[in-house]
Amino acid sequence: MSGASEHWVSSKPFDPGRTTAELSSVSTAYLDASQRRLFWWRFRRHRLAVVALGFLALAYLCVVFAEIVAPKGVATRDTQHIFMPPQRVHLLHEGSFVGPFVYPFTGRLDMDTLERTYEPDRSKPMPLRFFCRGEPYRFWGLVEADFHLVCPPDGGTAYFLGTDRLGRDIFSRLVHGARISLTVGLVGVTLSLILGLMLGGIAGYRGGWADYWLQRVTEVLRSLPQLPLWLALSAALPVTMSPILVYFCITAILALLEWPGLARAVRSKLLSLREEDFCRAAEMMGASDARIISRHLLPNFMSHIIVSASLAIPTMILAETALSFLGLGLRAPITSWGVMLSEAQNIEAVALYPWLLLPMLPVMLTVLAFSFLGDGLRDALDPLAAT
């Protein structure tokens with residue numbers, strides 16, 4: 001990309017302060033640019049969306065390599081460090097650069113209040129180990145390995161977010177829990193998209209009785225209060241059901257309650273597009289309904305579907321978190337952010353061990369990131385957006 005077009009990306013294309021040569025170069029770059037490049041230029045101007053995209057890319061990268069990123073296993077216990085507060089990472093010790101290190105903690109149990117207190121020993125800096133061999137694991141349950149991104153110091157601990165009531169590393173559990181909480185949204189939205197595109201496409205293109213009955217079904221489903229319905233359906237799952245089946249059932253429940261909104265969006269777009277000249281021309285040339293919908297109609301409003309899907313993912317993540325927090329969603333031994341938050345339901349956790357509430361932070365950041373990303377995609381995919 002030329003220097004003039006780079007300047008165009010970061011400012012208005014028709015700045016009165018530019019020279020005629022600069023305006024001519026910018027206009028040429030704009031006219032010659034592909035739709036993908038134009039989309040990227042518009043999207044990059046939305047700074048919060050770019051930051052959100054980077055954050056989500058990093059989060060889903062951690063999902064793929066959770067065993068490598070997490071220093072400990074999801075169920076590994078350290079009974080000597082129960083309810084241990086977070087260990088801060090330092091770089092300087094007594095004015096000298098040591099590198100990333102932590103101070104060891106010495107704990108004791110107060111027999112009067114039964115509160116565990118820990119004091120750092122600031123005379124013993126313990127450097128962290130990176131790209132190291134640590135606790136063994138099975139990568140995705142398939143391959144035996146012991147390689148980690150970061151490991152505790154030799155003979156020490158590295159609990160960056162503290163430990164819970166069983167002495168389990170909260171940071172490691174957050175990383176492993178992201179694999180469940182973040183994929184629930186993706187799988188759920190994929191299922192709801194399939195249903196929404198199929199049913200909404202039939203109703204919007206064919207109309208008639210199919211359109212009539214789809215509208216009645218969506219009206220009934222959207223009139224039901226979602227939270228009580230989630231609770232009722234989740235409570236109906238047998239307690240003895242396999243955790244993996246519970247995961248897929250919760251995902252299916254969320255998808256079945258989310259598809260009406262997407263189906264109505266597809267229907268409304270198809271109703272307006274099926275009267276266009278290009279659609280009539282395809283019909284006159286003998287194209288089948290499936291080909292017209294898939295090759296001519298869907299690409300014309302796929303941008304709207306992408307934005308709707310990006311905004312539906314955080315809704316499903318919040319729903320799974322709420323259900324698991326109330327004990328009606330995912331259950332141990334599966335670890336998700338909602339399951340972790342369920343351990344902080346009493347005043348003792350809030351008053352004495354506030355770090356148990358830290359799983360709220362990734363939930364909030366993820367929901368905000370998807371919201372900003374959806375706003376950026378909406379503006380970048382809008383053909384009438386100002387460039």
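This is a tour of a predicted model, stop by stop, with selections to make in the viewer. Residues are numbered from 1 along each chain as its sequence is written, and side-chain values use heavy atoms, with hydrogens and water left out. Local features need pLDDT of at least 70 and side-chain atom pairs count only at pLDDT 80 or more, while totals for chains, interfaces and linings use all residues.

**Stop 1: the annotated spans**

Select residues 48-70, 182-207, 227-257, 305-330 and 350-373. The unreviewed UniProt entry annotates these residues as "transmembrane region". UniProt positions are given in the numbering used here, feature names are shortened, and annotations may be inferred rather than shown by experiment.

Now keep residues 227-257 on display; this span is 77% helix and 0% strand, and its end C-alpha atoms lie 11 Å apart. Switch to residues 350-373, where the end C-alpha atoms lie 32 Å apart and the content is 71% helix and 0% strand. Helices (H or I, at least four residues) and strands (E, at least two) are DSSP runs, numbered from the N terminus.

**Stop 2: strands β1, β2 and β5**

Select residues 90-93 (β1) and 96-102 (β2). The two strands run antiparallel and are joined by three bridges; two strands pair if DSSP finds at least two bridges between them. Pick His93 and then Ser96 in β2, its bridge partner. β1 and β2 form a hairpin with two residues between them. In the turn, Glu94 has a positive phi of about 55 degrees.

Add residues 126-127, which are strand β5. β5 runs antiparallel to β2, with two bridges between them. Select Val102 to find one end of a bridge; the partner in β5 is Met126. While side chains are shown, recall that in a regular strand they alternate between the two faces of the sheet.

**Stop 3: the disulfide**

Select Cys132 and Cys151. A disulfide joins Cys132 to Cys151, with the S atoms 2.0 Å apart. The cut-off for a disulfide is a pair of cysteine sulfur atoms within 2.5 Å, and a search of the whole structure finds one. The pair links distant parts of the chain, 19 residues apart: Cys132 is in strand β6 (residues 129-139) and Cys151 in strand β7 (residues 143-151). The link is right-handed, with 110 degrees about the S-S bond.

Cys132 is buried at 7% relative accessible area, and Cys151 is buried at 2%. Buried means under 20% relative accessible area, exposed over 50%, and partly exposed in between (1.4 Å probe, protein chains only). Two further cysteines to click are Cys249, partly exposed at 25%, and Cys279, buried at 0%.

**Stop 4: salt bridges**

The whole structure holds twelve salt bridges by the search, each a side-chain nitrogen of Lys or Arg within 4 Å of a carboxyl oxygen of Asp or Glu. Select Arg138 and Glu144, whose closest N and O atoms are 2.7 Å apart in a salt bridge. Arg138 is partly exposed at 41% relative accessible area, whereas Glu144 is exposed at 54%.

Go on to Arg378 and Asp379, which meet in a salt bridge at 3.7 Å, N to O. Both are partly exposed: Asp379 at 35% and Arg378 at 45%. For the last selection, take Asp164, Arg168 and Arg173, joined into one network by salt bridges that share partners. Within this network, the closest N and O atoms of Asp164 and Arg168 are 2.9 Å apart. Asp164 and Arg168 are both buried.
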